[in-house]
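This briefing is for a reader who has not met the structure before. Please look at the sequence and the model first, then read the points below.

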Amino acid sequence: MLKIALSGCCGRMGHVINDIVSGREGMEIVAGFDINTVQYADFPIFADPFEFTGECDVIIDFSNAASTERLLDYCEQHGTPVVICTTGHSAAQLDRIRAASAKIAVFRSGNMSLGINLMSELLKQSAAVLGDKYDVEIIEKHHNQKLDAPSGTALMLADAVASALPYDAEYVYDRHERREKRPAHEIGISAIRGGTIVGEHSVLFCGRDEIIEIKHTALSREVFAVGAVDAAAFMAERTQPGMYDMGDVIASHK
Ligand SMILES: NC(=O)C1=CN([C@@H]2O[C@H](COP(=O)(O)OP(=O)(O)OC[C@H]3O[C@@H](n4cnc5c(N)ncnc54)[C@H](OP(=O)(O)O)[C@@H]3O)[C@@H](O)[C@H]2O)C=CC1
Ligand SMILES: O=C(O)C1=N[C@H](C(=O)O)C[C@H](O)C1
C-alpha cells in the first residue's frame, strides 16, 4: 500500500486529491498537513509536518509557497520524496528546493496536466522556428481566489519558449508605465483573474499579418490531481536524490 501525506489537504486541490486517491486501489492518504486543521476525512491533519510521527512513502504538496521550507526540512530529515505542485515561489525558495534535491528526490512542476506538458514541447518546436521573427505573448486566466500571478504554468511555458529562442528573452509582466514600442527580445506575460476559471493558458506567436496561438484549457481540477497522484506513485520509487518533472513521469509510462 502506497502511503501518501498531503500538504494543503484542506484546500481546493487537497480535496480533489483526496477524491482521486480514495478511488484508486493500492494507495491511501495517511496524513494531511494544513494551517486549517479541519478534520474532513479519515486521515489525521497536522498544522506542522513534524507533528506527524507515522510513516509515509511520498508527500504531495498543493499548499502555499510559505510552507515549502518547513516541508523540505521534514522530507530531508525523513528521506521522503516530495511532489511539489505549489506555485508562487520566490527565487530564494526555488534555491531551497534545488538544494533539497541534492539530498532527496524532489519533483516540481507548475502544472500537472498531460496537456500542458505536451504544450511545452510544442512551444519549444514553435519557438525554434518562429522565435526570431515573431513576438511571443502569454495570457493566463484563473479564478479570483488565486494568490500568485503570473501562474506557475505561465512561467513554465515562458521558460519552454525561452529555452528555444536565439536570444536571452526578458519577461515583461506590466507595460502600463512604459511609453515605447515593444522590443523584440521580450516575452509578455499577462494575468487575468475572475470568477471560477480553473486555468487557461494561451501562447501567441504574433508575426506580420499572422498569429499562431497554442492554447490549453483545464476544465476541472481533476487533470492536475490525476497527474499529481501519478507523479507520487513514480516518486515513491525514486531512491536517488535529484530533480524530477512531468517529463520523467511521462517517459516512465512509455
Ligand atoms: N502544479 C499544478 O498543476 C497546480 C498547482 N496549484 C497550486 O497549488 C497551490 C494550492 O492551490 P489550491 O488548492 O487552489 O489553493 P487553496 O488555497 O485552496 O489550498 C491551499 C491550502 O493550504 C493552506 N495553507 C496556506 N498557507 C499554508 C501554510 N503556510 N502551511 C500550510 N498550509 C497552508 C490553505 O489554507 P488557507 O485557505 O487558510 O490559506 C489551504 O487550505 C497553489 O500554489 C496553486 O497555484 C493548483 C492547481 C494545479
Ligand atoms: O492556482 C491554480 O488554480 C492553478 N495553479 C497552477 C499555476 O499557477 O499555474 C496550475 C493551474 O493553472 C491552476
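The points below cover the chain as a whole, an annotated domain, the surroundings of the ligand, and the annotated binding site. The model is predicted. The chain has 254 residues, and its secondary structure comes to 7 helices and 12 strands.

**The chain as a whole**

- The radius of gyration of the chain is 19 Å, which agrees with the value near 18 Å that a compact globule of 254 residues would have.
- Along its principal axes, the C-alpha trace spans about 60 × 40 × 35 Å.
- Of the 254 residues, 38% are buried.
- Among contacts with a separation of 6 or more, 70% are between residues 24 or more positions apart.

**The annotated domain**

- An unreviewed UniProt entry gives the annotation "domain: Dihydrodipicolinate reductase N-terminal" for residues 3-112.
- This span, residues 3-112, is 29% helix and 23% strand.
- The C-alpha atoms at the two ends of residues 3-112 lie 20 Å apart.

**Around ligand 1**

- Ligand 1 is surrounded by 25 residues, and the closest are G8, G11, M13, N64 and S67.
- By residue type, the shell around ligand 1 consists of 14 polar, 8 nonpolar and 3 charged residues.
- Helix 1, made of residues 12-22, gives the most to this shell, with 3 residues.

**The annotated binding site**

- The unreviewed UniProt entry lists H143, G152 and T153 under "binding site".
- G152 lies in helix 5, which covers residues 152-163, and T153 also has its place in helix 5.
- G152 has 19 other C-beta atoms within 10 Å; being buried takes 20 or more and being exposed 12 or fewer, so G152 counts as partly exposed.
- T153 has 26 other C-beta atoms within 10 Å, and because the cut-off for a buried residue is 20 or more, T153 is buried.
- Leaving out residues up to four places away in sequence, G152 touches T87, G88, G110 and N111.
- With such sequence neighbours again left out, T153 touches G110, N111, I116, E140, G199 and H201.
- G110 and N111 therefore appear among the contacts of G152 as well as among those of T153, where a contact means C-beta atoms within 7 Å.

Technical notes
Residues numbered from 1 in each chain as written. Chains lettered and ligands numbered in written order. Predicted model: local features only at pLDDT ≥ 70, side-chain atom pairs only at ≥ 80, totals over all residues. Near = placed C-beta within 6 Å. Helix = DSSP H or I, 4+ residues; strand = E, 2+ residues; numbered from the N terminus. Nonpolar A, V, L, I, M, F, W, Y, C, P; charged D, E, K, R; others polar. UniProt positions renumbered as here; feature names shortened; annotations may be inferred. Contact = placed C-beta atoms within 7 Å. Rg over C-alpha atoms; globule rule 2.2 N^0.38 Å.
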